[in-house]
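Dear colleague,

I am handing over the structure we spoke about, and I would be glad if you could look through it alongside the notes that follow it.

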Amino acid sequence: GLHQFGTRVIQKIVEHVKNDSPDNTLFSIYSRLIKENFICFCNDINGCHIIQKVLSVNNINNSFVFDELDMHIDKISNDKNGCCFIQKCLEKLTGKDLERLLNAVHNKIKLLLLNQYGNYVIQHVMKINGKKRNNATIQLLIDDLVFYSNQKYSSSIIEKYLVSDDSMKKDIVVKLLSPGVLKEILFDVY
(Lines give C-alpha, C1' and ligand atoms only; values in the text may rest on other atoms or scores of the structure.)
Protein backbone atom coordinates (compact mmCIF):
# COMPACT_ATOMS: atom_id res chain seq x y z
CA GLY A 1 0.00 0.00 0.00
CA LEU A 2 2.98 2.33 0.39
CA HIS A 3 4.14 1.77 -3.19
CA GLN A 4 2.52 3.82 -5.96
CA PHE A 5 1.21 0.70 -7.71
CA GLY A 6 0.35 -1.19 -4.53
CA THR A 7 -1.86 1.65 -3.36
CA ARG A 8 -3.86 1.42 -6.60
CA VAL A 9 -4.38 -2.31 -6.12
CA ILE A 10 -5.72 -1.81 -2.60
CA GLN A 11 -7.97 1.04 -3.80
CA LYS A 12 -9.46 -1.33 -6.39
CA ILE A 13 -10.09 -3.87 -3.64
CA VAL A 14 -11.90 -1.18 -1.65
CA GLU A 15 -14.15 -0.49 -4.65
CA HIS A 16 -15.16 -4.17 -4.75
CA VAL A 17 -15.71 -4.41 -1.02
CA LYS A 18 -18.27 -1.59 -1.02
CA ASN A 19 -21.22 -3.89 -1.65
CA ASP A 20 -20.06 -6.64 0.70
CA SER A 21 -21.72 -7.07 4.04
CA PRO A 22 -19.57 -6.40 7.16
CA ASP A 23 -19.55 -10.11 8.04
CA ASN A 24 -18.08 -11.02 4.66
CA THR A 25 -14.54 -12.40 4.50
CA LEU A 26 -13.32 -9.80 1.99
CA PHE A 27 -14.52 -6.96 4.24
CA SER A 28 -12.81 -8.43 7.30
CA ILE A 29 -9.53 -8.94 5.41
CA TYR A 30 -9.47 -5.44 4.00
CA SER A 31 -10.53 -3.76 7.26
CA ARG A 32 -7.87 -5.69 9.21
CA LEU A 33 -5.23 -4.69 6.62
CA ILE A 34 -6.17 -1.05 6.99
CA LYS A 35 -6.37 -1.12 10.81
CA GLU A 36 -2.97 -2.80 11.13
CA ASN A 37 -1.32 -0.24 8.82
CA PHE A 38 -3.49 2.78 9.52
CA ILE A 39 -0.87 5.24 10.75
CA CYS A 40 1.62 4.14 8.07
CA PHE A 41 -1.02 4.59 5.36
CA CYS A 42 -2.13 8.02 6.61
CA ASN A 43 1.44 9.30 6.92
CA ASP A 44 2.58 8.03 3.54
CA ILE A 45 2.20 9.98 0.30
CA ASN A 46 0.86 6.88 -1.49
CA GLY A 47 -0.82 5.09 1.39
CA CYS A 48 -3.09 8.00 2.33
CA HIS A 49 -4.99 7.49 -0.93
CA ILE A 50 -6.21 4.15 0.40
CA ILE A 51 -7.82 5.76 3.44
CA GLN A 52 -9.25 8.57 1.28
CA LYS A 53 -10.76 5.91 -0.99
CA VAL A 54 -12.38 4.16 1.97
CA LEU A 55 -13.86 7.48 3.09
CA SER A 56 -15.12 8.36 -0.40
CA VAL A 57 -16.84 5.07 -1.29
CA ASN A 58 -20.55 5.04 -0.52
CA ASN A 59 -22.31 2.01 0.92
CA ILE A 60 -19.27 0.88 2.87
CA ASN A 61 -18.91 0.61 6.62
CA ASN A 62 -16.08 3.05 7.30
CA SER A 63 -16.70 3.62 11.01
CA PHE A 64 -13.51 1.72 11.86
CA VAL A 65 -11.56 4.46 10.03
CA PHE A 66 -13.00 7.09 12.36
CA ASP A 67 -12.23 4.89 15.36
CA GLU A 68 -8.61 4.79 14.21
CA LEU A 69 -8.58 8.55 13.56
CA ASP A 70 -9.94 9.18 17.05
CA MET A 71 -7.13 7.13 18.57
CA HIS A 72 -4.27 8.35 16.39
CA ILE A 73 -5.15 11.89 15.26
CA ASP A 74 -2.06 13.32 17.00
CA LYS A 75 0.35 10.81 15.39
CA ILE A 76 -1.15 11.50 11.98
CA SER A 77 -1.51 15.30 12.25
CA ASN A 78 2.04 15.71 13.58
CA ASP A 79 3.51 14.12 10.44
CA LYS A 80 4.15 16.09 7.23
CA ASN A 81 2.11 13.80 4.95
CA GLY A 82 -0.39 13.01 7.68
CA CYS A 83 -1.05 16.72 8.14
CA CYS A 84 -1.88 17.04 4.44
CA PHE A 85 -4.08 13.94 4.63
CA ILE A 86 -6.09 15.35 7.57
CA GLN A 87 -6.49 18.69 5.80
CA LYS A 88 -7.85 16.92 2.69
CA CYS A 89 -10.27 14.97 4.86
CA LEU A 90 -11.44 18.20 6.51
CA GLU A 91 -12.15 19.65 3.07
CA LYS A 92 -13.97 16.62 1.67
CA LEU A 93 -15.94 15.24 4.62
CA THR A 94 -19.41 16.50 5.49
CA GLY A 95 -22.07 15.99 8.13
CA LYS A 96 -21.45 13.49 10.92
CA ASP A 97 -18.13 12.36 9.43
CA LEU A 98 -16.74 15.90 9.44
CA GLU A 99 -18.08 16.48 12.94
CA ARG A 100 -16.38 13.33 14.20
CA LEU A 101 -13.04 14.38 12.71
CA LEU A 102 -13.39 17.91 14.13
CA ASN A 103 -14.07 16.42 17.57
CA ALA A 104 -10.98 14.18 17.31
CA VAL A 105 -8.81 17.21 16.50
CA HIS A 106 -10.46 19.28 19.24
CA ASN A 107 -9.75 16.56 21.82
CA LYS A 108 -6.01 16.61 21.02
CA ILE A 109 -5.62 20.33 20.40
CA LYS A 110 -3.03 20.89 23.14
CA LEU A 111 -0.73 18.30 21.55
CA LEU A 112 -1.27 19.53 18.01
CA LEU A 113 -0.66 23.20 18.82
CA LEU A 114 2.95 22.58 19.76
CA ASN A 115 3.90 20.70 16.60
CA GLN A 116 5.13 22.17 13.33
CA TYR A 117 2.55 20.20 11.32
CA GLY A 118 -0.19 19.80 13.91
CA ASN A 119 -0.61 23.55 14.12
CA TYR A 120 -1.47 23.62 10.40
CA VAL A 121 -4.28 21.18 11.08
CA ILE A 122 -5.57 23.51 13.83
CA GLN A 123 -5.40 26.49 11.46
CA HIS A 124 -7.37 24.53 8.88
CA VAL A 125 -9.95 23.58 11.49
CA MET A 126 -10.29 27.25 12.48
CA LYS A 127 -11.39 28.06 8.92
CA ILE A 128 -14.02 25.31 8.95
CA ASN A 129 -15.25 25.79 12.51
CA GLY A 130 -18.04 28.11 13.33
CA LYS A 131 -17.73 30.86 15.89
CA LYS A 132 -19.16 28.66 18.65
CA ARG A 133 -16.59 25.88 18.19
CA ASN A 134 -13.68 28.33 17.88
CA ASN A 135 -14.78 29.95 21.14
CA ALA A 136 -14.89 26.54 22.81
CA THR A 137 -11.38 25.84 21.53
CA ILE A 138 -9.90 29.08 22.86
CA GLN A 139 -11.69 28.44 26.16
CA LEU A 140 -9.62 25.23 26.46
CA LEU A 141 -6.44 27.25 25.96
CA ILE A 142 -7.21 30.41 27.95
CA ASP A 143 -5.60 29.19 31.21
CA ASP A 144 -2.32 28.41 29.40
CA LEU A 145 -2.52 31.32 26.96
CA VAL A 146 0.82 32.83 27.97
CA PHE A 147 2.56 29.47 27.55
CA TYR A 148 1.05 28.95 24.08
CA SER A 149 1.80 32.55 23.10
CA ASN A 150 5.48 31.96 23.84
CA GLN A 151 5.83 28.76 21.79
CA LYS A 152 7.07 28.74 18.22
CA TYR A 153 4.13 26.95 16.58
CA SER A 154 1.21 27.64 18.89
CA SER A 155 1.90 31.39 18.94
CA SER A 156 0.65 31.65 15.35
CA ILE A 157 -2.64 30.03 16.40
CA ILE A 158 -3.08 32.48 19.29
CA GLU A 159 -2.35 35.31 16.86
CA LYS A 160 -5.03 34.04 14.47
CA TYR A 161 -7.56 33.93 17.30
CA LEU A 162 -6.65 37.53 18.15
CA VAL A 163 -7.35 38.79 14.63
CA SER A 164 -10.53 36.75 14.26
CA ASP A 165 -13.93 38.22 14.96
CA ASP A 166 -14.77 35.78 17.75
CA SER A 167 -16.26 37.02 21.00
CA MET A 168 -13.35 35.48 22.94
CA LYS A 169 -10.99 38.17 21.61
CA LYS A 170 -11.71 40.36 24.64
CA ASP A 171 -10.90 37.51 27.05
CA ILE A 172 -7.63 36.86 25.22
CA VAL A 173 -6.58 40.51 25.36
CA VAL A 174 -7.50 40.81 29.05
CA LYS A 175 -5.47 37.68 29.84
CA LEU A 176 -2.46 38.92 27.86
CA LEU A 177 -2.58 42.38 29.44
CA SER A 178 -2.75 41.12 33.01
CA PRO A 179 0.09 42.23 35.35
CA GLY A 180 3.45 40.69 34.48
CA VAL A 181 2.15 38.86 31.41
CA LEU A 182 2.57 41.68 28.89
CA LYS A 183 6.25 42.10 29.79
CA GLU A 184 6.83 38.34 29.47
CA ILE A 185 5.19 38.26 26.05
CA LEU A 186 6.87 41.42 24.74
CA PHE A 187 10.34 40.10 25.45
CA ASP A 188 9.73 36.59 24.17
CA VAL A 189 10.99 35.61 20.71
CA TYR A 190 7.56 34.37 19.61
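Below I go from the overall fold to a few individual residues.

Please keep in mind throughout that this is a predicted model. The protein contains 14 helices and zero strands, and, read along the sequence, the pattern is accordingly α-α-α-α-α-α-α-α-α-α-α-α-α-α. Taken along the principal axes, the C-alpha atoms fill a box of roughly 65 × 30 × 20 Å. Of the 190 residues, 44% count as buried, while the protein exposes about 10,300 Å², of which carbon and sulfur atoms supply 53%. When contacts between residues at least 6 apart in sequence are considered, 68% of them join residues at least 24 apart. As for charge, the mean positions of the 24 positive and 21 negative charges lie 3 Å apart.

Helix H9, which spans residues 118-128, deserves a closer look. Eight of its 11 residues are buried, so H9 is largely enclosed by the rest of the structure. Those buried residues are Gly118, Asn119, Val121, Ile122, Gln123, His124, Val125 and Met126. What they pack against is a set of helices, namely H5 (63-77), H6 (80-92), H7 (95-107), H8 (109-112), H10 (131-141) and H12.

One residue of helix H8 is leucine 112, which counts as buried because its relative accessibility is 0%. Leaving aside neighbours within four places in sequence, leucine 112 is in contact with Ile73, Asp74, Ser77, Asn78, Val105, Gly118, Asn119 and Ile122; among these partners, Gly118, Asn119 and Ile122 also appear in the list of buried residues of H9. For a sense of distance across the model, leucine 112 and valine 14 are 98 residues apart in sequence and 30 Å apart in space, C-alpha to C-alpha.

Two serines may also be of interest to you. Serine 149 belongs to helix H11, residues 145-149, and counts as buried at 8% relative accessibility; a polar atom of its side chain lies 2.7 Å from the backbone oxygen of leucine 145. Serine 154 belongs to helix H12, residues 154-163, and is likewise buried, with a relative accessible area of 0%. In this case a polar atom of the serine 154 side chain lies 2.7 Å from the backbone oxygen of tyrosine 148. Once neighbours within four places in sequence are set aside, the contacts of serine 154 are Leu113, Leu114 and Tyr148, so that the tyrosine supplying the backbone oxygen is also listed among the contacts.

Finally, there is the matter of the cysteines. How many disulfides does the structure hold? The count is zero. For cysteine 42, the closest cysteine sulfur is that of cysteine 89, at 7.3 Å, which is too far for a bond, because a disulfide requires the two sulfur atoms to be within 2.5 Å. Seen from the other side, the closest cysteine sulfur to cysteine 89 is that of cysteine 42, again at 7.3 Å and too far for a bond. Are these two cysteines buried or exposed? Cysteine 42 counts as buried at 0% relative accessibility, and cysteine 89 counts as buried at 3%.

With kind regards

Definitions and conventions:
Residues are numbered from 1 along each chain as its sequence is written. This is a predicted model: local features need pLDDT of at least 70, side-chain atom pairs count only at pLDDT 80 or more; totals for chains, interfaces and linings use all residues. Side-chain values use heavy atoms; hydrogens and water are left out. Buried means under 20% relative accessible area, exposed over 50%, partly exposed in between (1.4 Å probe, protein chains only). Helices (H or I, at least four residues) and strands (E, at least two) are DSSP runs, numbered from the N terminus. A polar contact is a pair of N or O atoms within 3.5 Å; within protein, one must be able to donate a hydrogen and the other to accept it, and residues adjacent in sequence count only if both atoms are side-chain atoms. Contact means heavy atoms within 4.5 Å. Accessible areas come from the Shrake-Rupley method with a 1.4 Å probe; for residues, only the protein chains shown count as cover. Lys and Arg count as positive and Asp and Glu as negative; His and the chain ends are not counted. The place of a charge is taken as NZ of Lys, CZ of Arg, CG of Asp or CD of Glu.
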